[in-house]
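Take a walk through this model, from its open spaces to its interior. Keep the structure in view as you read.

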Amino acid sequence: MRSLAVLLFLPLSLLPFVSALPTAIDASPLPLLIWHGLGDRYDAKGLAQTAKLAQIVHPGTLVYNIRVDEDGSADRTATFLGNLTEQLDKVCKDISSNASLNKTAGRVDALGFSQGGQFLRGLVQRCDGLEVRSLVTFGSQHNGIAEFQVCGAWDLVCRGAVGLVKGNAWTKFIQNKVVPAQYYREVDPDTGLGSEAYLNNSNFLADVNNERANKNDIYKKRIASLEKFVMYVFENDTTVIPKESGWFAEVNATTKRVTPLRERTMYEEDWLGLKALYKKNGLVFRTAPDAHMELNDKVLSKAFREFFGPERAVDVVFNDKMRGIMTGIGKVQQRLWRYQWR
C-alpha cells in the first residue's frame, strides 16, 4: 500500500503516473531452475540437498530440477549422448507446460552446475516465454573447452562418448550425438577467433555465443535483459580446460596468456549483450575455492541469499523527461517511480 504522506508531497501533474506504479511486491521467492552437470542426474541426492538448501534460505522456493528424461539413468546418459538443440527444445516445452512454474508468468531464477550453466544460458536465449531474473553458474564452460574430460576407469558411457570424438569432432554425426563435442571450441591462431571448422560445424556453442557472421539479435537482447548473470570459477579447477572459460575468457593454448572477456572482440562489439549487462552492473565475476564442483553450503547459501528469493525494489533511474518533471521535488520522491529488481 502506498504511503499517503508520500502522495501528499507530489504535485498534481504527477498523480496520474502514480496509478501505474506497482502497489505491492510479492514476498514469495521466484521459482528456481537447476540444471546439473556432466555425468550427473536430476534425481541425485546432491541436487536434492541443494534444493533443500535453497528452500531453507528462502522458504517457499519452488525448485525444478531440469531433466531430459524422467528416468534418472537415462537422464545421466543424456549428459554425454544427445543433440543439444533437441534437448533444449524439450526442456523449454516442459517448463512452458509446467503450471507451477507459470504462476510467476514464466519469471524464474536459474542455477547451472558445470555444463548445465551454458545449457541454461542457451535456454535463456532460445526459449520463448521464459524470463530469467538471475542466472548463476558454477564451473561452466561459457567459452567452450579446449580438451575433453578425463573419464573414470569404469565410466563406460563417458569413455565411449569421448572415444567417438577423437579426430572426428566436426563431423555431423559427432555434433549431433556427443554432448561435450557441441561445446568444444577450436581457435584460429592467426585471428584469435573461432576456427572455420568450429564456426561452420558447431551444433551449439558457436550459435549461442553469437560467433557467426549473422548475429542473432534476440540472443543479445535476452542476455542483456537479465538482472544478474553471475559466473563462478573454481580456483583449483583442473577438469574444465581452460577453467577461465567460466568467465568467457580466451586462453592461448601455447603461451597460456589469458585474454579477459572485456578485452575480447565479442565484448567490444557486444555480440551477446554482455557489455550492456556489465554497464548496468548485471555481470558478476566470482571465484569459489577448491576443485571443480567441490561446493560447500557456505558458498551456495551466500549466492542464494544474494541473487535468488523474492523480488526486491531498489532505487530508480529517471529518463530526462521524468527528471525534468521531478526538479525541485527532492530525493524522497525520486525513489518512487520505477522498480528495478536486484
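In this predicted model, the second largest pocket is lined by 29 residues. Gly-37, Asp-40, Phe-113, Met-293 and Leu-295 lie nearest its centre. The volume of this pocket is about 550 Å³. Two helices, helix 3 (45-57) and helix 14 (297-307), each supply at least two residues of the lining. Helix 3 gives the most, with seven residues. By class, the lining has 14 nonpolar, eleven polar and four charged residues.

Now turn to the largest pocket. About 710 Å³ of space lies in it. Its lining consists of 31 residues, and those nearest the centre are Val-187, Glu-250, Val-251, Asn-252 and Ala-253. Here strands take part: strand 6 (250-251) and strand 7 (258-259) each supply at least two lining residues. The lining of the largest pocket divides into twelve nonpolar, nine polar and ten charged residues.

Go back to Gly-37, one of the residues nearest the centre of the second largest pocket. Gly-37 is also in contact with Ser-114. Where does Ser-114 sit? It lies in the loop between strand 3 and helix 6 (115-126). Ser-114 is buried, because its relative accessible area is 9% and the cut-off for buried is under 20%. Its side chain makes a polar contact of 3.2 Å with the side chain of Gln-141. Beyond its neighbours within four places in sequence, Ser-114 also touches Phe-138, Gly-139, Ser-140, His-292 and Met-293, among others. Met-293 is another of the residues nearest the centre of the second largest pocket.

Next come the closed spaces. The structure holds two cavities of 30 Å³ or more. The largest has a volume of about 60 Å³. Gly-37 appears again in its lining, together with Trp-35, His-36, Val-68, Asp-75, Ala-78, Thr-79, Gln-87, Gln-115 and Phe-119. That lining has four nonpolar, five polar and one charged residues.

The second largest cavity has a volume of about 50 Å³. Its lining is made of Leu-30, Pro-31, Leu-32, Ala-54, His-58, Thr-61, Asp-109, Phe-304, Phe-308 and Gly-309. By class, six of these are nonpolar, three polar and one charged.

Asp-109 deserves a closer look. This residue is found in strand 3 (residues 107-113). Is Asp-109 buried or exposed? It counts as buried, because its relative accessibility is 1% and the limit is under 20%. A polar atom of the Asp-109 side chain lies 3.2 Å from the backbone nitrogen of Ser-134. Leaving aside neighbours within four places in sequence, Asp-109 is in contact with Leu-30, Pro-31, Leu-32, Leu-33, Arg-133, Ser-134, Phe-307, Phe-308 and Gly-309. Several of these names recur from the cavity: Leu-30, Pro-31, Leu-32, Phe-308 and Gly-309 belong to its lining.

Leu-33, a contact of Asp-109, leads into the nonpolar interior. In soluble globular proteins, nonpolar side chains tend to be buried together. The largest nonpolar core here has 54 residues. Which of them touch the most other members? They are Leu-33, Ile-66, Ile-95, Leu-123, Phe-229 and Leu-274. Helix 5 (residues 84-96) provides the largest share of this core, five residues. A second, separate core has 22 residues, including Ala-51, Val-63, Val-230 and Leu-300.

Leu-274 gives a sample of the packing in detail. Not counting residues up to four places away in sequence, it touches Ile-223, Phe-229, Phe-248, Leu-261, Met-266, Tyr-267 and Leu-283.

For contrast in exposure, visit Thr-171. It sits in the loop between helix 7 (156-165) and helix 8 (172-175). Thr-171 counts as partly exposed, because its relative accessibility is 33% and that class runs from 20% to 50%. A polar atom of its side chain lies 2.9 Å from the backbone oxygen of Asn-168. The C-alpha atoms of Thr-171 and Ala-197 are separated by 9.6 Å, and the two residues are 26 apart along the chain.

Finally, step back to the whole chain. It holds 15 helices and eight strands. Of its 342 residues, 48% are buried. Among contacts between residues at least 6 apart in sequence, 71% join residues at least 24 apart.

Conventions: Residues are numbered from 1 along each chain as its sequence is written. This is a predicted model: local features need pLDDT of at least 70, side-chain atom pairs count only at pLDDT 80 or more; totals for chains, interfaces and linings use all residues. Side-chain values use heavy atoms; hydrogens and water are left out. On a 1 Å grid over the protein atoms alone, a cavity is a set of points where a 1.4 Å probe fits but cannot get out, and a pocket is an open set with protein on both sides within 12 Å along at least five of seven lines; lining residues have an atom within 4 Å of a point. Grid points are joined across faces, edges and corners, and a volume is the space filled by probe spheres set on the points. Ala, Val, Leu, Ile, Met, Phe, Trp, Tyr, Cys and Pro count as nonpolar, Asp, Glu, Lys and Arg as charged, and the others, Gly among them, as polar. A nonpolar core is a set of buried Ala, Val, Leu, Ile, Met, Phe, Trp, Tyr and Cys residues joined through side-chain atoms within 4.5 Å. Buried means under 20% relative accessible area, exposed over 50%, partly exposed in between (1.4 Å probe, protein chains only). Helices (H or I, at least four residues) and strands (E, at least two) are DSSP runs, numbered from the N terminus. Contact means heavy atoms within 4.5 Å. A polar contact is a pair of N or O atoms within 3.5 Å; within protein, one must be able to donate a hydrogen and the other to accept it, and residues adjacent in sequence count only if both atoms are side-chain atoms.
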